[in-house]
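Open the model in your viewer and keep the selection panel at hand. The stops below go from the ligand outwards to single elements and one residue.

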Amino acid sequence: MQKGLPLREHARRPGPGLFDESGYMPKLRPRVTRSKAALDWPGSHPAPEKITSTANPRIRLLKSLHSKKGRNDSSLFLAEGARLLMEAAGAGHWPELVVFTDEAGARPAQREYLLAARRNGARLISVPSRLLTSICQRDNPQALIGAFRQWQTEIGDLPDREGALLLALHEIRDPGNLGAIIRTADAVGVDGVVLLGECVDPFSIEAVRASMGALFTVRVLRAGFAEFDHWRRARGIRLVAGTLRGTDLPEIVDYRGSIALLMGNEQKGLPEAMEAQVDYPVRIPMRGKADSLNLAVATGVLLYTAWRGRHYAET
Ligand code: SAM
């Protein structure tokens, strides 16, 4: 990724040939019939490798990325689907390796993506669809799967700006929740998502799937609570917590100025010691029988309450 640009600028950076002048992807073009010409791979780069065996080491490597150990060993992670891969490219992220079916490789938009990925250093591998099923470990796999190198973001990479909106998640465990939250954080324009303590891996395939590409544009980082709390106090960032012990409605907070929203673990919520550091403990009213909302839903409600409190300002 080009250094020195804020992540949101990366998201708008045009990729070679794939994006219009504003940096956004044109709509996927309609399917065309596969032709001999469409399967030629022009240029000086190597033609795609063809793999048909599940025992091939590259296929075994891709399958290993379903486990944390496999991801740790290789520092790679999987992202599936043409749309998601193209969004990643729009944010300046190119895969190390892409596997695809010949049928997918013959579709103009996907082919254009593959050629651009190859120019950006990706190794292309064509496989029969049964191999994609075994890599994705689910039926009806996507026709394009990329293996990307993981990146690390530090607390010092968060933007130091007046009016920042941050989200901190204490020991979030469910990858689907995390992906959905990152997707909402992207929608609201959150400056960063801080994973506090033992959290699920944001590069797990379930989290990447649920984030719908937002993992590539939202800063996500890990920190201890003490480090985060110290960092935000030093910058005058007020801390709002979503908690069932909250005494106030979310709307009583003035969300203008810099704010961090803190949310608790799916089972245990927030530790009392953490809540003691919070400026505003807020509770979303509920009148049904359930004792709490799903974490991703509660986070969505509070992020939108915060953004509405800023009159949907862009920054
Ligand atoms: N048994 C846990 C407890 O007592 O906190 C429930 C955890 S809840 C499923 C997970 C997180 O979602 C909570 O820690 C809180 O951050 C958020 N949450 C859920 N319902 C909420 C509500 N009504 N108001 C504010 N936050 C809520």
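Start with the ligand and select the residues around it. There are 16 of them, and those that come nearest are Gly 242, Gly 264, Gly 269, Leu 293 and Ala 298. Colour this shell by class: eight residues are nonpolar, six are polar and two are charged. Keep in mind throughout that the model is predicted.

Now zoom out to the whole protein chain. DSSP runs give it 12 helices and 11 strands. The chain has 315 residues, of which 40% count as buried. If you draw a contact map, consider the contacts with a separation of 6 or more: 80% of them join residues 24 or more positions apart.

Next, select residues 82-90, which make up helix 4. How many of its nine residues are buried? Eight are, so to speak of the helix as mostly covered is fair, given the cut-off of 20 or more other C-beta atoms within 10 Å. The buried set consists of Ala 82, Leu 84, Leu 85, Met 86, Glu 87, Ala 88, Ala 89 and Gly 90; Glu 87 is one of them. Just past the end of helix 4, pick Gly 92 and read its backbone torsions: phi is positive, at about 85°.

The following stop is a sheet. Select strands 1 to 5, which form an open sheet with mixed pairing, in the order 1-4-3-5-2. Strand 1 (49-50) and strand 2 (76-80) are at the edges; each has a single partner strand, so one side of each lacks a neighbour in the sheet. Within the sheet, display residues 97-100 (strand 3) together with residues 144-149 (strand 5): the two run antiparallel and are joined over four bridges. To find one of these pairings, centre on Val 98, whose bridge partner in strand 5 is Gly 146.

Finish at Val 220, which lies in strand 8 (residues 220-223). Is Val 220 buried or exposed? It counts as buried, because 24 C-beta neighbours lie inside 10 Å. Leaving out residues up to four places away in sequence, Val 220 touches Thr 153, Ile 182, Val 193, Leu 195, Pro 202 and Leu 215. Show these as sticks, then add Asp 191 and draw a C-alpha to C-alpha distance from Val 220: the value is 9.3 Å, for a separation of 29 residues in sequence.

How values were computed. Residues numbered from 1 in each chain as written. Predicted model: local features only at pLDDT ≥ 70, side-chain atom pairs only at ≥ 80, totals over all residues. Near = placed C-beta within 6 Å. Nonpolar A, V, L, I, M, F, W, Y, C, P; charged D, E, K, R; others polar. Buried ≥ 20, exposed ≤ 12 C-beta atoms within 10 Å, placed from the backbone. Pairing = 2+ DSSP bridges. Contact = placed C-beta atoms within 7 Å.
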